[in-house]
Amino acid sequence: MRFINPYLFVVTTLLAVSCTSQKETASLKDVYKNDFYIGTALSADQIEGKDAKVDSLIKKEFNAITAENIMKSMYTHPQKDKYDFALSDKFVAYGEKNKMFIHGHTLIWHSQLAPWMEKIADSTEMKAFMKDHITTIVSKYKGRIDSWDVVNEALNEDGTLRQSVFLKTLGEKYLVDAFKLAEKADPKVDLYYNDYNLEDPAKRAGAIALIKKIKAAGGKIDGVGSQGHWNLNSPSLEEIEKSILEYSALGIKVAFTELDITVLPNPWDLKGADVNQKFEGNAQMNPYPEKLPDSIQNKLAERYASIFKLFLKHKDKISRVTFWGVYDGQSWLNDWPIKGRTNYPLPFDANLKHKKAYDSILNLKKAKK
Ligand code: XIL
C-alpha cells in the first residue's frame, strides 16, 4: 500500500474545499465592487421572479439592473391618455429590495414606440407628447431611479442625425429639450445619451458633437451609454480605449450599457451577399446549434478578459458595465438579426452555468490580489 502523508492529505483536502467554496461564493458584483457597477437586463419574467434559479443568480452576480423591454414607450405609454406602470413599478421595487442601482431605459427612442406615437405628424403635438411623456415618467420615479437613457439611438452610422419621427417634427432641438425636461422632473438623476457603434470613429465624432451641443444649449447630460453589442474581433481595443478617453474628456461618465459579444456570422459582413437572400434556417448562418466549440469558447473568454482589463484600466471613468441579459438562452441575439439561431454572447450558458468567459472576467481581479 502506498504511504499517504496525513499532513499533506489534510492540507490538500482543505485547499480543495476552500477553492471550491471560494469559486462558488465569488461573484462579479463582489469582485468588481470598488471599480464599477456590474449590471444585467431583466425580462418581464425575471422582474416577477418567476424562475427561482435565475432569480438567485441575478441577486448573486449583479448590483445594477435595466429593464430589457418593459420601460420602453410602447409598454409604459400605450395610448395618448393611458400610462401603464404595472411592470415598471415591479422593476423598481425589485431593485430597491435588492439594493441595486436602477437604470431607466428609455425615454425617447424611435423604436418600440406605441403605434399612436408614430402617427404624430406636427410639431405642436410632438412637443406636447415629449413634455407629458418625459415629465410623467421621470417624476413618477423621482429619487428612486438612479439614471435614465433620455435619448436612445439618435445617430446614423456616419454621425449625422437619424431621420426619426422626433427629428422630422421638431428638428434637432428635440435633443436638448428632452434633456431639459428630464432634468426638470428629477434634477438629481443622472441623464445619459445611449447608442450603439459609439466606438466607430465617424459615429463617435457625431456623438461628441451632439453631447457638446446639448451642453452648450444648457442641457444637463451626465453620461454616455455605449451599448456594446460587439463581436469577437470588433471594435478593436484601441477604438474602445480612444472612445473612453474622448467621451470622458467631455466631463461625463462612460457606461457600457448593453454588453454582449456575438459569436455568429453577421449577414452584413458577407461581402457581396444578396440582400434579398433568406438567412433564416440557413445552416451556415447558425453554425453551433448544439454546442459552442472549445476553440470559440476560449476566444470568447479571451475577448471578455481583454475588454474587462481595459475597463479596469479606466475604472475611474466608467460608472457601470451592464450585460444585455442574464444568460445565453435568454439573449435577444438568438433572434436578431436572424431569427431562430443559437448564440453564446454572455458569461452564463443556457443552463445558467458560468462559462470560461465568466472565469476570465473574475480571474482578472483575483490575479490582482
Ligand atoms: C432589444 C431587446 O433585447 C429585445 O427583446 C427586443 O425585441 C428589441 O430590443 N438597443 C437597445 C435595446 O437599446 O433596447 C434593444 O433591446 C437592443 C438594441
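**Exercise 1. An aspartate in a loop**

Which backbone nitrogen does the side chain of Asp222 reach at 2.7 Å? Work out where Asp222 sits and whether Asp222 is buried or exposed.

*Solution.* Keep in mind that we're working with a predicted model here.

- Start with the location: Asp222 belongs to the loop between α11 and β6 (223-226).
- Next, the accessibility. Buried means under 20% relative accessible area, and Asp222 comes in at 17%, so Asp222 counts as buried.
- Now list the contacts. Skipping neighbours within four places in sequence, Asp222 is in contact with Val189, Asp190, Leu191, Ile252 and Lys253.
- Finally, the polar partner: the Asp222 side chain gets to the backbone nitrogen of Leu191, at 2.7 Å.

**Exercise 2. The annotated glutamate**

Find the residue that UniProt lists for "active site", then describe its surroundings.

*Solution.*

- The unreviewed UniProt entry lists Glu258 under that heading.
- In the model, Glu258 is part of strand β8, which covers residues 253-262.
- Is Glu258 buried or exposed? Its relative accessibility is 5%, so Glu258 counts as buried.
- Leaving out neighbours within four places in sequence, the contacts of Glu258 are His105, Asn194, Ser226, Gln227, Gly228, His229, Thr322 and Trp324.
- With one of these, His229, the Glu258 side chain makes a side-chain polar contact of 2.7 Å.

**Exercise 3. Around the ligand**

Say which residues come nearest to the ligand, then pick out side chains with N or O atoms close to ligand atoms.

*Solution.*

- There are 13 residues around the ligand, and Glu68, Asn69, Lys72, His105 and Glu258 come nearest. Glu258 is the residue from the UniProt "active site" record.
- Lys72 has a side-chain N or O atom 2.7 Å from a ligand oxygen.
- For Trp324, a side-chain N or O atom is 2.9 Å from an oxygen of the ligand.
- With Glu153, the ligand atom is a nitrogen, 3.2 Å from an N or O atom of the side chain.
- How much of the ligand's accessible area does the protein cover? On its own the ligand has 410 Å², and the protein covers 78% of that.

**Exercise 4. Two residues of strand β9**

Take Thr322 and Phe323, and set out what each one touches.

*Solution.*

- Thr322 is in strand β9, and so is Phe323, with the strand running over residues 318-323.
- Thr322 has a relative accessible area of 0%, so Thr322 is buried.
- Not counting residues up to four places away in sequence, Thr322 touches Gly39, Thr40, Ala41, Thr66, Phe256, Thr257, Glu258 and Leu259.
- Phe323 is buried too, because its relative accessible area is 1%.
- With the same sequence neighbours left out, Phe323 touches Leu28, Ile38, Gly39, Thr40, Ala41, Phe62, Leu259, Tyr304, Phe308, Leu346, Pro347 and Ile361.
- For Gly39, the chain separation from Phe323 is 284 residues, yet their C-alpha atoms are separated by 6.0 Å.

**Exercise 5. Checking a helix**

Test the length of helix α10 (residues 173-185), then find what covers its buried residues.

*Solution.*

- At 1.5 Å a residue, the 13 residues of α10 should span 18 Å; the end C-alpha atoms are 19 Å apart, which agrees.
- The buried residues of α10 are Tyr174, Leu175, Val176, Asp177, Ala178, Phe179, Leu181, Ala182 and Ala185.
- Their cover includes the strands β3 (101-108), β4 (147-152) and β5 (190-195), along with the helices α8 (123-140), α9 (165-170) and α11 (201-216).

Notes: Residues are numbered from 1 along each chain as its sequence is written. This is a predicted model: local features need pLDDT of at least 70, side-chain atom pairs count only at pLDDT 80 or more; totals for chains, interfaces and linings use all residues. Side-chain values use heavy atoms; hydrogens and water are left out. UniProt positions are given in the numbering used here, feature names are shortened, and annotations may be inferred rather than shown by experiment. Helices (H or I, at least four residues) and strands (E, at least two) are DSSP runs, numbered from the N terminus. Buried means under 20% relative accessible area, exposed over 50%, partly exposed in between (1.4 Å probe, protein chains only). Contact means heavy atoms within 4.5 Å. A polar contact is a pair of N or O atoms within 3.5 Å; within protein, one must be able to donate a hydrogen and the other to accept it, and residues adjacent in sequence count only if both atoms are side-chain atoms. The expected span of a helix is 1.5 Å times one less than its number of residues. A residue is near a molecule or strand if one of its heavy atoms lies within 4 Å of it. Accessible areas come from the Shrake-Rupley method with a 1.4 Å probe; for residues, only the protein chains shown count as cover.
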